[in-house]
Amino acid sequence: MAYTLAGRAENPTQATVLRLLRDEGPLSRVQLADRLGVSRTTMASEVNRLTELGLAEGAGPAASRGGRRSTLVDLSRELRFVGIDIGATSMSVAVTDGRLSVLGERRHVALDVRLGPEHVLGLALEVTRKLLAEHRIERPSGVGVGVPGPVDFHSGVPVSPPIMPGWDGYPVRDAVARELGCPVLLDNDVNIMALGERHSGVARSVPSFLFVKIGTGIGCGIVIGGELYRGVDGCAGDIGHIRVEEFGPTCACGNSGCLEAYFGGAALARDAMAAVRGGRSPALVALHDQKGELSAEDVATAATQGDAYAVQMVRDGGHRVGWVLASLVSFFNPGLIVIGGRVARLGHTLLAEIRGVVYRRSLPLATGNLPVVLSEMGDDAGVVGGAALISEAVYAAG
Ligand SMILES: [Zn+2]
């Protein structure tokens with residue numbers, strides 16, 4: 001980590017207490033002692049130490065269960081995390097409390113990640129500083145940042161990201177830490193969204209699941225036993241570049257026939273333009289006449305209007321995604337698949353197609369109890385996940 005964690009948990013007991021308070025809310029000292037299987041005396045001294053470190057505080061008397069009343073313990077009100085979710089075409093920033101609840105409004109601004117790290121991080125810092133000032137926060141407890149490309153988690157830099165020219169090897173984590181004067185962690189945007197779903201979304205009670213983001217690119221966050229699996233080099237889950245056709249369209253990564261080259265946001269925009277030129281979709285032609293250009297969201301609009309060609313585009317894409325997911329299900333046997341990202345707003349037509357293929361093509365034992373659902377968090381998944389990422393480090397034993 002680029003920045004020393006000032007008030008960090010000192011031992012595994014303290015770390016477990018902080019995570020329990022984050023995930024479950026205030027607990028009494030007695031409950032904490034019981035949950036961790038330690039004596040009440042030990043718990044009392046650990047809680048006192050957490051209070052001295054500025055990480056926990058008393059929260060009034062607990063409901064009496066007979067005998068001596070116990071005191072509730074909560075996370076310190078001083079704890080404030082920031083989640084920054086940088087996408088290919090927009091960015092979300094939010095401030096959370098120690099339990100990762102978003103405070104006030106999440107900020108969402110349009111940007112072009114291809115303009116490079118100085119420009120994009122400059123904008124991210126400007127938005128973050130404004131938000132911190134509004135909440136009267138001098139220095140946040142930590143910041144979690146997500147970017148739309150592969151990341152070397154241990155050094156905090158993007159590595160050869162196909163849609164982020166100029167970002168390869170740029171010290172994003174250290175640059176943000178230096179500017180904001182607090183601990184910062186950097187990860188792939190899909191991984192932080194998976195963490196967000198794990199903390200506050202549909203995956204809350206599911207220890208092992210897959211989160212599939214379908215946005216400008218396509219990626220998959222892998223959570224096993226409550227922990228993110230990043231792979232040896234940090235590129236686990238990069239399913240957008242699994243080849244689905246031998247001689248398919250060229251992909252941003254340089255190969256051809258990748259899943260993303262068929263069904264990422266850019267691929268959908270390309271196919272929508274081709275449909276307009278071929279006069280195949282009246283709804284897309286009308287949208288193009290209005291706006292002069294088309295995006296994946298226009299395909300969603302046209303499909304919602306019942307345009308047959310747009311509906312077929314969504315079905316074809318869902319079919320290919322389902323095909324890849326069916327293999328992953330047989331391999332990984334997850335307890336849940338969550339579909340998120342902007343293209344996921346194509347909604348139930350997309351979901352029905354993906355489900356159909358996954359249930360048909362995976363082994364019955366693996367799908368007998370496998371919900372495939374749409375994310376309900378929208379743009380909150382990334383910012384909450386960014387806060388979750390850095391909270392894991394702040395709540396870890398130093
Ligand atoms: Zn590719």
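**Helix H6 and the contact of domains 2 and 3**

Modeller: This is a predicted model, and in it helix H6 is mostly covered, with ten of its twelve residues buried.

Biologist: What makes a residue of H6 count as buried, and which residues are they?

Modeller: Buried means under 20% relative accessible area. Those in H6 are Asp189, Val190, Asn191, Ile192, Met193, Ala194, Leu195, Gly196, Glu197 and His199.

Biologist: How do you know that the length of H6 agrees with its twelve residues?

Modeller: Residues 189–200 at 1.5 Å a residue should span 16 Å, and the end C-alpha atoms are 16 Å apart, so the two agree.

Biologist: Why do you say Asn188 caps the N-terminal end of H6?

Modeller: A side-chain oxygen of Asn188 lies 2.9 Å from the backbone nitrogen of Val190. The cut-off for a polar contact is 3.5 Å, so that pair is within it.

Biologist: What does H6 bring to the side of domain 2 that touches domain 3?

Modeller: Seven residues, the largest share of that side. The two domains bury about 1500 Å² between them, 63% of it on carbon and sulfur atoms. Val190, Asn191 and Glu197 supply 32% of the area that domain 2 buries against domain 3, more than any other three residues.

Biologist: Why is the pair of Arg230 and Asp187 called a salt bridge?

Modeller: Their side chains meet at 2.8 Å, N to O. The rule asks for a Lys or Arg side-chain nitrogen within 4 Å of an Asp or Glu carboxyl oxygen, so Arg230 and Asp187 qualify.

Biologist: How many salt bridges cross the interface of domain 2 and domain 3?

Modeller: The rule finds two there.

Terms used. Residues are numbered from 1 along each chain as its sequence is written. This is a predicted model: local features need pLDDT of at least 70, side-chain atom pairs count only at pLDDT 80 or more; totals for chains, interfaces and linings use all residues. Side-chain values use heavy atoms; hydrogens and water are left out. Helices (H or I, at least four residues) and strands (E, at least two) are DSSP runs, numbered from the N terminus. The expected span of a helix is 1.5 Å times one less than its number of residues. Buried means under 20% relative accessible area, exposed over 50%, partly exposed in between (1.4 Å probe, protein chains only). A polar contact is a pair of N or O atoms within 3.5 Å; within protein, one must be able to donate a hydrogen and the other to accept it, and residues adjacent in sequence count only if both atoms are side-chain atoms. Buried area is the accessible area (1.4 Å probe) that two parts lose on being put together, summed over both.
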